[in-house]
Amino acid sequence: MAASVAAAVGGLRRAIRRSPPWRSPSRRPLSSAPPPAQASAVRDAFLSFFRDRHGHRLVPSASVRPRGDPSLLFVNAGMNQFKPIFLGTVDPRSEMAGFRRVANSQKCVRAGGSHNDLEDVGRDLSHHTFFEMLGNWAFGGEYFKEEACSMAWELLTQAYGLPEDRLWVSYFGGDPKAGLDPDLESRDIWLSLGVPASRVLSFGPQENFWEMGDTGPCGPCTEIHYDLAGGMGAPQLVELWNLVFMQHNREADGSLQPLPQRHVDTGMGLERLVAVLQGRRSTYDTDLFSPLLNAIHQGCGAPPYLGRVGAADEGRTDMAYRVVADHIRTLSVCIADGISPGMSGAPLVLRRILRRAVRFSTEVLRAPPGFLGSLVPVVVETLGDTYPELQKSSAQIANLVSEDKAAFLASLQWGRSADHRSDPEAPGTF
């Protein structure tokens, strides 16, 4: 019996470490119940929960263009704009210096740099270059582990109505080499909230100790996972929410020192949460993407999107759908925030994103002229109410996308005729 339990726990540890992409067929719902709230309502419910029930101040998303942080190509996490607070460099005269408990939905781009999902987009059912990160923060010890875990559990099980028996949690199991004890406080908090011990798993620093970088504030984290299988066979766990408890500082010599003030930093991807709440096996099967996928089908005349991956995706048609839908969202958000396709740094990454979208739309989907620009209003319709800068820049975004696409198509045609295969962006290298 003990051996079988140990084997089962080992399997679950491996499942969590893999944070598996949505392995089952994307079009099969998780349940027969009708999809609940739309993505906009899911986002609003998160913000309202922390504002109205727990006194958080709502702050707008920062631009995806980093301000005063040369270490980043793009803002890639909800905590980026609060780094001055964590590092103790915040201007005491600034508005941010007065922040105690805040929440927001942050626009994030992960393409280029150390967080780069670009080449994975389209190949599976879950990767994105642009996504929204829902987060709540408590600065300077405003609240800590017990309150953060309790709020998260309340939101998921009561506000969103997720079944408790499908939620698992992980916590930091310690690191003897670094002199760090297990985070038994977090473990005991989850047990007190009613999570069975069999669904509370401990992991080492690779999984459950979060660090901003080589130096700076860091600390143990606890993660909440959702079981996609729902009791039908072996658990299929996908991470929903990461709660980070910043209580150490990593010094230049690698040592850890206690922070004078402790902070809570949490992040939950909206796209993944919406997929779970809408009973979908893929983030692309939610209403965050279905308007774009429908527009692509109507605009190209390609076969309907079927959510296939790998060898089953004949001609890579479904991969092209996902690439184009993801990339036009990223392009729209970045251009609205002042990053245009260019020749170095973040603009170069954006240029590569645009050219990848062009290749898939023209060579796989056989899109007509002006097609990518025609998708911009669809992005604005789905995201513009939350991020009004998209509404203000809609025409500019469409023009930039169309102009750069035309230039790229001309160079692509020249590359074909000259067999210019030395170009790293040459056709055929999707």
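Which strand do four bridges join to S4, and do the two run parallel or antiparallel? In this predicted model, the partner is strand S7 (residues 216–227), and the pair runs antiparallel. Within that pairing, Val169 of S4 has Ile224 of S7 as its bridge partner. S4 also pairs with strand S5 (residues 200–203), again through four bridges, but here the strands run parallel. Val169 turns up in this pairing too, with Val200 as its bridge partner in S5. To get from S4 to S5, the chain passes through helix H5 (residues 184–192), and the resulting β-α-β crossover is right-handed. As for S4 itself (residues 167–172), the strand is mostly covered, with six of its six residues buried.

Next comes the nonpolar interior. The largest nonpolar core holds 97 residues, and those with the most contacts inside it are Phe46, Leu156, Trp190, Trp241, Ile296, Leu372 and Leu375. Helix H9 (residues 317–336) supplies the largest share of this core, at 12 residues. Domain 1 (36–278) and domain 2 (288–417) both contribute residues, so the core lies between them. In general terms, nonpolar side chains in soluble globular proteins tend to be buried together.

Trp241 gives a good view of who meets whom. Leaving aside residues up to four places away in sequence, Trp241 touches Phe46, Phe50, Ala152, Leu155, Leu156, Ile224 and Met268, among others. Its contacts also include Asn136, Thr222, Glu223, Thr266 and Gly267. Two of these names have come up already: Phe46 is listed with the residues that have the most contacts inside the core, and Ile224 is the S7 bridge partner of Val169. A separate core of 15 residues lies apart from the largest one, and among its members are Met79, Trp137, Phe139 and Leu259.

Two helices further along the chain round out the picture. Helix H10 (residues 345–364) has 20 residues, which at 1.5 Å a residue should span 28 Å; the end C-alpha atoms are indeed 28 Å apart, so the expected and modelled spans agree. H10 is mostly covered, with 17 of its 20 residues buried. After H10 comes Arg366, whose phi is positive, near 55 degrees.

Helix H13 (residues 394–418) contains Ala395. With a relative accessible area of 53%, Ala395 counts as exposed, because the cut-off for that label is over 50%. Ala395 and Pro377 sit 18 residues apart along the chain, and their C-alpha atoms are separated by 8.8 Å.

Notes:
Residues are numbered from 1 along each chain as its sequence is written. This is a predicted model: local features need pLDDT of at least 70, side-chain atom pairs count only at pLDDT 80 or more; totals for chains, interfaces and linings use all residues. Side-chain values use heavy atoms; hydrogens and water are left out. A nonpolar core is a set of buried Ala, Val, Leu, Ile, Met, Phe, Trp, Tyr and Cys residues joined through side-chain atoms within 4.5 Å. Buried means under 20% relative accessible area, exposed over 50%, partly exposed in between (1.4 Å probe, protein chains only). Domain bounds come from an automatic or database domain assignment. Contact means heavy atoms within 4.5 Å. Two strands pair if DSSP finds at least two bridges between them. A crossover is right-handed if, with the strands pointing away from the viewer, the path from the first strand over the helix to the second runs clockwise. The expected span of a helix is 1.5 Å times one less than its number of residues.
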